[in-house]
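Got the viewer open? Switch to a cartoon view, and let's take a walk through the fold together.

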Amino acid sequence: MNLRTTSKMITFARPFFLAGLEESQPSGTYTIQTDEEPIEGLSFLAYRRVATVIFLPLGQGGTGSFQAISVTPEALDAALARDASGSHDA
């Protein structure tokens with residue numbers, strides 16, 4: 001199986017919440033990584049998303065310590081929308 005992995009950076013202007021996490025995360029720039037696999041049997045090349053993760057800093061780790069947390073694109077979009085609107089509701 002050939003996976004295609006893409007990375008992008010997103011920035012939160014304010015502390016934010018993500019579904020499934022108990023604590024808010026600090027404002028800042030975060031790396032989002034998406035893994036996709038090719039869809040077999042089509043007459044054209046297409047991919048389906050199989051995983052999306054956000055890399056969050058570890059509170060108790062040293063500089064450069066992070067954890068990869070699985071997240072849905074919908075949860076990321078909702079958190080970014082709340083950030084843009086200034087809302088802190090989860």
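How many bridges join strand β3 to β4? Select residues 47-57, which make up β3, and look across to β4: five bridges join the two, and the strands run antiparallel. Keep in mind as you click around that this is a predicted model.

Two pairs are handy for finding your way along this seam. Pick Leu56 and you'll see that its bridge partner in β4 is Gln67. Then try Val53, which stands opposite Ser70 in β4.

**Zoom out to the whole chain**

Show everything again. The protein chain has one helix and four strands, and from the N terminus on they come in the order β-β-β-β-α. Of its 90 residues, 27% count as buried. If you turn on a surface, the chain exposes about 6100 Å², with carbon and sulfur atoms supplying 51% of that.

**Walk across the sheet**

Now colour the strands. The four of them form an open sheet in the order β1-β2-β3-β4, with antiparallel pairing. Select 4-12 for β1 and 66-70 for β4: these two stand at the edges with a single partner strand each, so one side of each has no neighbour in the sheet. Look along the sheet and you can follow its twist, which averages 30° from one strand to the next.

What packs on this sheet? Select residues 73-85: that's helix α1, and it touches β1, β2 and β3. The direction of α1 makes about 20° with that of β1.

Next, select 28-38 to light up β2. β2 and β3 pair in the antiparallel sense over seven bridges. For a landmark here, click Pro38, which stands opposite Tyr47 in β3.

**Stop at Gln25**

Head for the loop between β1 and β2, where you'll find Gln25. Is Gln25 buried or exposed? Its relative accessibility is 11%, and since anything under 20% is called buried, Gln25 counts as buried.

Show its side chain as sticks. The side chain of Gln25 reaches the backbone oxygen of Glu23 at 3.3 Å. Which residues is Gln25 in contact with, leaving aside its neighbours within four places in sequence? Select Pro15, Phe16, Tyr30 and Leu56 to see them. You've already met Leu56: that's the residue whose bridge partner in β4 is Gln67.

**One last look**

Go back to the full view and think about contacts along the chain. Among contacts in the protein chain with a separation of 6 or more, 39% come from residues 24 or more positions apart.

Note on methods:
Residues numbered from 1 in each chain as written. Predicted model: local features only at pLDDT ≥ 70, side-chain atom pairs only at ≥ 80, totals over all residues. Heavy atoms only, no water. Pairing = 2+ DSSP bridges. Axes fitted to C-alpha atoms, helices over the stretch in contact; angles between N-to-C directions. Contact = heavy atoms within 4.5 Å. Buried < 20%, exposed > 50% of the residue type's maximum accessible area, 1.4 Å probe, protein only. Polar contact = N/O pair within 3.5 Å; in protein donor to acceptor, adjacent residues only side chain to side chain. Areas by Shrake-Rupley, 256 points an atom, 1.4 Å probe, with all protein chains shown as cover.
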